[in-house]
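Please open the model in your viewer and keep the selection panel at hand. The stops below say what to select next and what is there.

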Amino acid sequence: MATVGRDIESVELTQQELWADGPPLELFREMRSKCPIHRTERFEEFPEEDGFWSVTTAEDIHTVSRDWETYSSERGGVLAAAGGFPLELAQAMFIGMDPPKHDRLKALFQRGFTPKRIAEHEERIREITRRALDRLEGRDTADLVADVGQPVVSRVIGSFMGIAEEDDALWAELVNSTLGAADPDLNPHGLQDAVTVYVPQIFENCQKLIAERRENPTDDLTSVLIHSEVDGEKLEEHEIVMGFFLLIAAGNDSTKATYCSAMRALMEAPEQKQILLDDPSLVPDAVEEALRMFPAFAHFRRTATKDTELNGQQIKEGDKVVMWYVSSNRDESRYEDPDRFDVTRKPEHQAFGAGGRHFCLGTALARLELRILIEETLARYPEIELDGRPQAVESLFLNQLKTLPVKLGPRAA
Ligand code: HEM
């Protein structure tokens with residue numbers, strides 16, 4: 001993308017064509033060096049939405065992320081544009097709440113998501129992954145998004161939530177269409193209509209599951225939502241539905257995205273793939289490098305609760321403040337040669353957020369799934385290679401591929 005001669009301060013980051021092939025990394029690089037807190041005034045698709053401040057460096061994102069009292073998740077939701085999604089529903093997910101309610105709800109789930117508890121699922125996740133790879137038997141080519149990434153992560157989070165396996169595809173589609181509403185392949189109804197089309201379907205399908213769990217409580221996460229009390233009160237129906245949607249959405253989309261981006265990077269840099277084939281114990285390091293270079297969510301947003309200043313920029317109460325992880329994870333003040341995929345780098349990164357109250361609940365699960373997915377794919381198809389150009393989802397929020405065509409190569413003995 002050509003940026004030479006462009007007046008960086010007047011660029012509107014919301015122009016859809018900037019995102020047609022994934023995040024505009026060159027533009028972010030220029031912002032980091034020339035105007036690290038950048039202003040976008042308007043949305044093409046939603047002229048009624050306010051513009052926002054873009055925060056592009058790792059240090060500034062760290063500052064915003066840790067200060068929930070100044071930068072609220074509750075006041076205006078966590079996406080740059082609500083896109084017609086009712087604020088009341090965004091605030092019914094704990095990602096869209098501030099303390100103390102946020103902390104109380106999140107605590108209900110944290111015990112089940114510690115690295116130790118998550119490690120208990122290793123064998124089952126490996127089996128789910130092997131089953132997906134078994135289905136490729138006899139084929140020369142595949143699409144790693146549709147054939148491996150999606151079915152594996154859907155079954156893993158589906159089993160946590162208590163969803164029947166035959167409903168995995170339905171939930172994957174609802175999540176992809178809702179979060180990827182800007183992409184015409186994922187949401188053929190158009191961005192303006194996404195909420196009216198998909199939200200009723202989410203409610204309808206979730207309410208069936210809720211009714212079943214009320215009758216027959218189990219130990220799945222849907223049952224936790226239904227039966228838990230916060231401050232002596234049970235959650236309301238829309239809070240249960242949105243709590244369910246938060247978990248299924250976070251679990252479905254993100255890990256698939258990072259797996260596919262990692263596999264693409266490994267196929268584009270065969271010497272990096274060879275390093276992992278020679279020493280599979282480096283796969284966890286490759287996972288961290290993939291999380292750094294390809295954070296599954298391009299941004300999350302906050303709203304200023306008072307007038308403040310960030311890196312010399314005045315921010316007014318009520319202003320939107322957007323943290324661009326796709327930028328901070330390539331911040332040249334933190335990483336040498338940041339655009340180089342290097343499985344031996346062992347980076348710290350902000351793919352899971354930059355600390356603070358909303359730090360990702362699913363880090364241990366995501367890391368385990370990613371390690372197993374990469375280990376199993378490479379062990380089975382060591383000569384796997386790209387078979388044409390992968391397509392990126394067109395979105396300011398989802399940083400992921402929608403297709404990743406591969407030639408599988410011979411199956412390893
Ligand atoms: C590669 C995988 C993943 C990435 C890159 C990722 C990224 C993130 C990020 C950046 C946030 C912070 C949101 C904010 O600051 O407003 C977050 C929050 C969250 N993530 Fe993940 N996530 C991943 C996997 C998962 C998985 C597998 C789950 C499983 C349930 C999950 C559940 C959540 C939840 C519930 C929150 C909200 C936490 C809160 O508000 O306190 N994530 N994630």
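Begin by selecting Tyr71, which, leaving aside residues up to four places away in sequence, touches Val64, Arg302, Ala304 and Val321. The model you are viewing is predicted, and Tyr71 is found in its strand β3, residues 71-72. Is Tyr71 buried or exposed? Tyr71 is buried, because 26 other C-beta atoms lie within 10 Å, and the cut-off for calling a residue buried is 20 or more.

Now add Thr141 to the selection: the two residues are 70 places apart along the chain, and the C-alpha atoms of Tyr71 and Thr141 are separated by 47 Å. From there, select β4 (141-143) and β11 (385-386), which are the edge strands of an open sheet, each pairing on one side only. The sheet has 3 strands in the order β4-β14-β11, with antiparallel pairing. Strand β14, residues 405-407, pairs with β11 in the antiparallel sense over 2 bridges, and Lys407 in β14 is the bridge partner of Glu385. Helix α7, residues 144-161, can be shown next, since this helix lies across β4 and β14 and runs at about 60° to β4.

The next stop is a pair of helices, α9 (residues 194-215) and α11, which pack with their axes 10 Å apart and at an angle of about 100°. The two helices, α9 and α11, are therefore roughly perpendicular to each other. To display their contact, select Ile202, Phe203, Cys206, Gln207 and Ile210 on α9, together with Ile240, Val241, Phe244 and Phe245 on α11. By class, this contact of α9 with α11 has 8 nonpolar residues, 1 polar residue and no charged residues.

Keep α11 displayed and move on to helix α13, residues 283-293, where the buried residues are Ala286, Val287, Glu289, Ala290, Leu291, Arg292 and Met293. What covers these buried residues of α13 includes α11, α12 (270-278) and α15.

Finish at the ligand, which is surrounded by 26 residues. Which residues are the closest to the ligand? They are Ala250, Ser254, Cys360, Gly362 and Ala366. Helices α11 (237-268) and α15 (363-380) each supply at least two residues of the shell around the ligand, and the largest share, 7 residues, comes from α11. Coloured by class, the shell around the ligand has 16 nonpolar, 8 polar and 2 charged residues.

Technical notes
Residues are numbered from 1 along each chain as its sequence is written. This is a predicted model: local features need pLDDT of at least 70, side-chain atom pairs count only at pLDDT 80 or more; totals for chains, interfaces and linings use all residues. A residue is near a molecule or strand if its C-beta atom, placed from the backbone, lies within 6 Å of it. Helices (H or I, at least four residues) and strands (E, at least two) are DSSP runs, numbered from the N terminus. Ala, Val, Leu, Ile, Met, Phe, Trp, Tyr, Cys and Pro count as nonpolar, Asp, Glu, Lys and Arg as charged, and the others, Gly among them, as polar. Axes are lines fitted to C-alpha atoms, for helices over the stretch in contact, and angles run from 0 to 180 degrees between N-to-C directions. Angles under 35 degrees count as roughly parallel, over 145 as roughly antiparallel, 65 to 115 as roughly perpendicular and the rest as oblique. Two residues are in contact if their C-beta atoms, placed from the backbone, lie within 7 Å. Two strands pair if DSSP finds at least two bridges between them. A residue is buried if 20 or more other C-beta atoms lie within 10 Å of its own, exposed if 12 or fewer, and partly exposed in between; C-beta atoms are placed from the backbone.
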